[in-house]
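Biologist: I would like to learn how to read a structural model feature by feature, beginning with the interior and moving on to the strands and rings. Could we take each idea in general terms and then turn to the case in hand?

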Amino acid sequence: MRFPLNLLTMALLGLSGSAMAADFSVGRANTDKVNTAGFQCRQCQLTPGLAGEVTVNAGYNDSDDIHSGNAFGDDHDGMVASVDAALGYRTNNGYRSQLQAHHLGQDNGFVSLKTGRPGQYQMTLDYRSLTRYENGNVGTGLWHNQGMLQPDDTLRYLDLQLERQQAGIGFRYDFGQLAQFGDLSSYVRYDREEKQGHRSASLMSPRPVNFALPVDESNDKLQAGLQLSGDNWFTELGYQGSQYSNDINNLSLPYASDIYSATPDNQAHQLTLNGQYRLSNTVISGRVIAGRMIQDEGLIQMSGNPLQNWDGQVDTLDANLAVSTLVNSRLRLGGQLDYRKRDNDSSVADFVQLEFNPVSGAIRQNPLLDMERQALKL
């Protein structure tokens, strides 16, 4: 017969009322007679200076398929080179810097630099190159020249690829304790992306034809905010904004104007206020977000369209309030109230209503779609 407990285990269980109930943790140690003045952690010293590694990569590309560039990071034939880096620099007075790079010098690579004093300020610089290869050596009978699609009996060959250049700079500053109000910190970051290349597109008039649509656009983003926190609470006021610009206007043929509409310029803005408060086992959090999206671009004129430009504007409002409390180790109660509202303040015009009876001449306005919703969760 086998027993799951051996004699040694049973002996320890028998002593559990005395020996196993003792507390041998470090916090219970008696250090009254120990002189700790000379204690020193020799392994805790951070050596100042520069440390890390830098790697130089070199190779040779020989491929007839442009898609290989998505895996290799570069589609150029011949010698290719790049740099990888992971460097850190520190000083005795608390200054820190960190540099990271991956495949820098190829069509797909990045580099990032962070520098500053932790707990006081920090600056970030980023750069990234992203390229997506679709098709190579594509023949097209329409080629773009300053907004005009020029037909040509001789096929012109080009690559369908999109290259994005991203750069950003950010700064964060901690003001520290602000009297009895708490710890105050601020941040701001600006990013810009430029996208260029060609993507596939098609026209249906006067006959179906495929062509390479040129891409030349940019997007600017800005983030900024203030953060204030205490022992058991936190609040933040933040702003986010973006501006999209398209440098390719509507495309035309020599015998027809505006046969392909461009992606319109637009902008969006958002202001956020959120916070959290903890009281014993209860946590209260809330958030209010106000946003506005604007698109004010000229429209291609068509028969029956009275609008010269869209003049679009949509305002949004989102609010959230949540409460959660821990009753005991097995029960938690929570409630959440959500509110969302969307106001469309865009252009309104009268359009001729097409009906089977041409004598009626009915008129109808384009409806502005608004939305409002409330939700309660328990």
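Biologist: Which residues make up the largest nonpolar core?

Modeller: Please keep in mind throughout that this is a predicted model. A nonpolar core is a set of buried nonpolar residues joined through side-chain atoms within 4.5 Å. Here the largest such core has 9 residues in all, namely Leu142, Leu149, Ala201, Leu203, Phe211, Leu213, Ile248, Leu251 and Leu253. At least two residues of this core come from each of β7 (183-203), β8 and β10 (251-253).

Biologist: Taking one member as an example, which residues does Leu142 touch, not counting residues up to four places away in sequence?

Modeller: Leu142 touches Leu149, Gln150, Pro151, Leu203, Val209, Phe211 and Leu253, once residues up to four places away in sequence are not counted. Leu149, Leu203, Phe211 and Leu253 are also listed in the core itself.

Biologist: What does the chain look like as a whole, in terms of helices and strands, and how much of it is buried?

Modeller: The secondary structure comes to 2 helices and 18 strands, and buried residues make up 19% of the 378 residues in the chain. Of the contacts with a separation of 6 or more, 54% are accounted for by residues 24 or more positions apart. The chain exposes about 26,500 Å², with carbon and sulfur atoms supplying 54% of that area.

Biologist: How should I read the pairing of strands, and which strands does β9 join?

Modeller: In a regular strand the side chains alternate between the two faces of the sheet. Pairing is a separate matter, read from the bridges between strands. In this model, strand β8 (residues 209-229) and strand β9 (residues 233-246) run antiparallel and are joined by 13 bridges, and the two form a hairpin with 3 residues between them. Strand β9 is also joined by 12 bridges to strand β12 (residues 266-279), again with an antiparallel course. To find these pairings in the viewer, you could look for Gln227 opposite Glu236 in β9, and for Thr235 with its bridge partner Gly275 in β12.

Biologist: Asp220 lies in strand β8; is Asp220 buried or exposed?

Modeller: The cut-off for buried is under 20% relative accessible area, and Asp220 is buried because its value is 15%. A polar contact of 2.5 Å joins its side chain to that of Tyr190. Leaving aside neighbours within four places in sequence, Asp220 is in contact with Tyr190, Asp191, Arg192, Gly241, Ser242 and Gln243.

Biologist: Strand β8 also holds Pro214; which residues does Pro214 touch?

Modeller: Not counting residues up to four places away in sequence, Pro214 touches His144, Gly197, His198, Ile248 and Leu251. Ile248 and Leu251 belong to the nonpolar core described above. Pro214 counts as buried at 10% relative accessibility. Pro214 and Asn145 are 69 residues apart in sequence, while their C-alpha atoms are 9.8 Å apart in space.

Biologist: How are aromatic pairs described, and how many are there?

Modeller: A pair of aromatic rings is described by the distance of the centres and the angle of the planes. The count here comes to 3 aromatic pairs. One of them is formed by Tyr89 and Tyr95, which are edge-to-face at 6.3 Å centre to centre with 70 degrees between the planes. Tyr89 is partly exposed, at a relative accessible area of 38%, and Tyr95 counts as partly exposed at 26%. Phe211 and Tyr260 have ring centres 5.6 Å apart and planes at 90 degrees, so this pair is edge-to-face. The pair links distant parts of the chain, since Phe211 is in strand β8 and Tyr260 in strand β11, 49 residues apart. Phe211 is buried, with a relative accessible area of 4%, whereas Tyr260 is partly exposed at 25%.

Biologist: Which backbone angle is worth noting at Asp258 and at Asp311?

Modeller: The angle is phi, which is near 50 degrees at Asp258, a positive value in a residue other than glycine. Phi of Asp311 is likewise near 50 degrees. Asp258 lies in strand β11 (residues 256-260), whereas Asp311 is found in the loop between β13 (282-295) and β14 (312-328). Asp258 is partly exposed, with a relative accessible area of 33%, and Asp311 is partly exposed with 42%.

Key: Residues numbered from 1 in each chain as written. Predicted model: local features only at pLDDT ≥ 70, side-chain atom pairs only at ≥ 80, totals over all residues. Heavy atoms only, no water. Pairing = 2+ DSSP bridges. Helix = DSSP H or I, 4+ residues; strand = E, 2+ residues; numbered from the N terminus. Buried < 20%, exposed > 50% of the residue type's maximum accessible area, 1.4 Å probe, protein only. Polar contact = N/O pair within 3.5 Å; in protein donor to acceptor, adjacent residues only side chain to side chain. Contact = heavy atoms within 4.5 Å. Areas by Shrake-Rupley, 256 points an atom, 1.4 Å probe, with all protein chains shown as cover. Phe/Tyr/Trp six-rings, centres within 6.5 Å; stacked < 30°, edge-to-face > 60°.
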